[in-house]
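Good morning, and thank you for the opportunity to speak. I shall walk through one protein chain, beginning with a single residue and then widening the view.

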Amino acid sequence: MTDTRRRVKVYTLNEDRQWDDRGTGHVSSGYVERLKGMSLLVRAESDGSLLLESKINPNTAYQKQQDTLIVWSEAENYDLALSFQEKAGCDEIWEKICQVQGKDPSVDITQELVDESEEERFDDMSSPGLELPPCELGHLEELAELVASSLPSPLRREKLALAVENEGYIRKLLELFRQCEDLENADGLHHIYEIVKGIFLLNRTALFEVMFSEECIMDVIGCLEHDPALDGLPRRHRDFLTKTARFKEVIPIGDPELRAKIHQTYRVQYIQDMVLPTPSVFEENMLSTLHSFIFFNKVEIVGMLQDDEKFLTDLFAQLTDEATDDDKRHELVNFLKEFCAFSQTLQPQNRDTFFKTLSNMGILPALEVILGMDDVQVRGAATDIFSYLVEYNPSMVREFIMQESQQNDDDILLINLIIEHMICDSDPELGGAVQLMGLLRTLVDPENMMATANKTEKTEFLSFFYKHCMHVLSAPLLANTTDDKPSRGVSPVYDFQTSQLLALILELLTFCVEHHTYHIKNYIINKDILRRVLVLTASQHAFLALCALRFMRRIIGLKDEFYNRYIMKNFLFEPVVKAFLNNGARYNLMNSAIIEMFEYVRVEDVKSLTAHIVENYWKSLEDVDYVQTFKGLKLRYEQQRERQDNPKLDSMRSILRNHRFRRDARTLDDDEEMWFNADEEELEDCEAVVPPSDNKITKACGGAGENEDLMDPISKFMERKKRRTGSNAYMKCCFLRGV
């Protein structure tokens, strides 16, 4: 769906002082090399042509009017305006303009409008340029004061930058710096520090090109070592860069220009991150050109490496070669990770080319090999690389996964390796598991799946996922809920970690309930998943019990009679009622979540569930009088009975029901419609039901044989972990703790 927040009309003011409509399009902001700065871009929504390309100048007065209008003058007698469809889009672009100009977004105008007389007074130098004092030791203090006084004024700052550039002042200043160091002239070094810092704040690309050249950059860093605030104890940045920092070529780089560009980028990034003092809010804007310099260097590096086919071929060959030693492979994976991180600076079109190149070189098969290795650090870096690929193009990853399933067993598929690493994360905080769960969620999200005339990616991939992967994902849940209460018998630390893992899995399953309709419905009902999940309401960890309740609440929220009949036949409100009663009179999240669930059934008048709750649990709940929820349910139930006894009321109810719409705007897919039509009777007859008197879990239509099928994925992982990592590492696999 089109993003309406950025939808704008572009207007220009004509000679008659009337606004002309130049077209409708979508606005964005970004760095434009041709204009040498951050710019506003508007592309027509009809054909994508460029309606507007306007540099955000630091001195231009932008005005925000009526919450959805931004107006400014591009040049004399040339006024522009953007009229936004939504206020949120106007605010977003306004914040970008204010960020570039170093202004507070709460203002409605970014610059004070000055008349000509004020500007003349402001420009106290009638000459076209600014005269700098001689670059000599005796004039350093004068020069430092001149630089400091010029920075607050955009006009004086511009004149100072031109003077420094035109007179070749930087090289003279660096020569003076070397003299001061030789003479141990502390005052001179302090003045030079202030001067060089000020030159950075002039924010001029031409000056940076001189300062960051091979012959100048180390002296520039030396100038910034002598901060007067350090009380005569200069930093040793040059020592670190020349003696400590080491450039490693994991794959030999034959292009000297590329090698020089990498060195320069590292040093400039070091200046930005470590050498320059932390800028104030306004100074941050004055360093925008420094950020851009680093940005475009990274773009160049990525492009040059991408064009070197031999380099990439050697990289992937060594990554997957079994003869490559662990240290070397670690360096190769870290390089590839940084390479992918650099790609995030590319424009969308260039990023497409970059990832297509990596895909053609076989990055996904290579990651599959790396993820199967025992080195935790290597696997972690490989996971980061995989996340870049998933975020860039999940469809490309899904296509690879489905293709490899035709040749490999389920337990060595890439997606199942990802699931295995998630459920076997050794981090007590499960940091890696959280990251991997997010990637899985992206892969199974129907919102980013494509549909064409010949096939539907959603249908194909979800059918694949539920056939080949869902049993692996649910294995920890099934392993830890085989009894009437959560599995114990493990140490508290591991028990907490396992509970965190189960909460993550429940979060993903809840997402599936909301987005996968009949696929997840078939799985939950046939595998009796909800009964297993509700076992966790008895967990001593409140967050896990709440996750289980949230899962059931999402199911009830669908108001789907398939789910409702399954819940009623299996008496699945029983563990919820028990948890409510065990919680007692405590007013906490558990209490609120359970009451809200029953309140939803009452307010939405889910008749089948209302009758089931009252008929089976009223005696346990009738004494709860601090909320009216349960008495309200009883009243609803009695009203239903009255309507059933009164034919006229019943006929009116039928008329209203026939005009009731589906719960949301989505229509049933063709294959979903077929599933409902074909399987309703089968699901009715299939006893996925546990009688209320039987507390042991029996499986739908299968009995003991079905239970063996559920444990099969766990057994497979047990054997695999034994083969791969030996018995000690195998015992650490957290999803088996409940087995």
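Please begin with Ala-341, which has a relative accessibility of 29% and therefore counts as partly exposed. This residue sits in helix α14. What separates Ala-341 and Ile-385 in sequence, and what separates them in space? Along the chain they are 44 residues apart, yet their C-alpha atoms lie 8.4 Å from each other. Please keep in mind throughout that this is a predicted model.

Helix α14 also takes part in a charged pair. Lys-337 forms a salt bridge with Asp-384, and the closest N and O atoms are 3.0 Å apart. This pair joins distant parts of the chain, since Lys-337 belongs to helix α14, residues 326-343, and Asp-384 to helix α17, residues 376-392, with their positions 47 residues apart. Lys-337 has a relative accessible area of 30%, and so it is partly exposed.

Let me now give the overall picture. The chain contains 35 helices and seven strands. Of its 739 residues, 47% are buried. The accessible surface amounts to about 37400 Å², and carbon and sulfur atoms supply 49% of that area. Among contacts with a separation of 6 or more, 65% are between residues 24 or more positions apart.

I turn next to the salt bridges. Side chains of opposite charge can pair when their charged atoms come close. How many salt bridges does the structure hold? The count is 31. One of them is between the side chains of Glu-92 and Arg-6, at 2.5 Å from N to O. Here too, distant parts of the chain are linked: Glu-92 lies in helix α1, residues 87-101, and Arg-6 in the segment before β1, residues 7-13, so that the two are 86 residues apart. Are these two partners buried or exposed, or something in between? Arg-6 counts as buried because its relative accessibility is 18%, under the cut-off of 20%. Glu-92, at 26%, counts as partly exposed.

A further salt bridge brings together the side chains of Arg-553 and Glu-596, with 2.8 Å from N to O. Because Arg-553 is in helix α27, residues 542-557, and Glu-596 is in helix α30, residues 589-603, this pair ties together parts of the chain that are 43 residues apart in sequence. Arg-553 counts as buried at 17% relative accessibility, whereas Glu-596 is partly exposed, with a relative accessible area of 37%. Salt bridges may also share partners, as in the network that joins Lys-64, Lys-87 and Asp-91.

Helix α27 deserves a closer look. It has 16 residues and spans 22 Å from its first C-alpha to its last, close to the 22 Å expected at 1.5 Å a residue. Which residues of α27 are buried? Among them are Leu-544, Leu-546, Cys-547, Phe-551, Met-552 and Ile-556, together with Arg-553. Just after the helix, Lys-559 adopts a positive phi of about 50 degrees.

On the other side of α27, the loop that leads from α26, residues 529-534, contains His-541. With a relative accessibility of 15%, His-541 counts as buried. Which residues touch His-541, once its neighbours within four places in sequence are left aside? They are Asp-495, Phe-496 and Ser-499.

My last topic is the aromatic rings. A pair of aromatic rings is described by the distance of the centres and the angle of the planes. Across the whole structure, a search finds 21 aromatic pairs. Consider Phe-354 and Phe-355: their ring centres are 5.0 Å apart and their planes stand at 80 degrees, so the pair is edge-to-face. The cut-off for that term is an angle over 60 degrees. Phe-354 and Phe-355 are both buried. They also belong to a cluster linked by ring pairs, which takes in Phe-311, Phe-335, Phe-339 and Tyr-392 as well.

Rings may also have a charged side chain over their face. Arg-398 lies over the face of Phe-461, at 5.8 Å from the ring centre. Arg-565 is placed likewise over Phe-562, at 5.2 Å from the ring centre.

To close, I return to the starting point: Ala-341 and Ile-385, 44 residues apart in sequence, have C-alpha atoms 8.4 Å apart in space. Thank you for your attention.

Conventions. Residues numbered from 1 in each chain as written. Predicted model: local features only at pLDDT ≥ 70, side-chain atom pairs only at ≥ 80, totals over all residues. Heavy atoms only, no water. Salt bridge = Lys/Arg side-chain N within 4 Å of Asp/Glu carboxyl O. Helix = DSSP H or I, 4+ residues; strand = E, 2+ residues; numbered from the N terminus. Buried < 20%, exposed > 50% of the residue type's maximum accessible area, 1.4 Å probe, protein only. Phe/Tyr/Trp six-rings, centres within 6.5 Å; stacked < 30°, edge-to-face > 60°. Lys NZ or Arg CZ within 6 Å of the ring centre and 35° of its normal. Expected span 1.5 Å × (residues − 1). Contact = heavy atoms within 4.5 Å. Areas by Shrake-Rupley, 256 points an atom, 1.4 Å probe, with all protein chains shown as cover.
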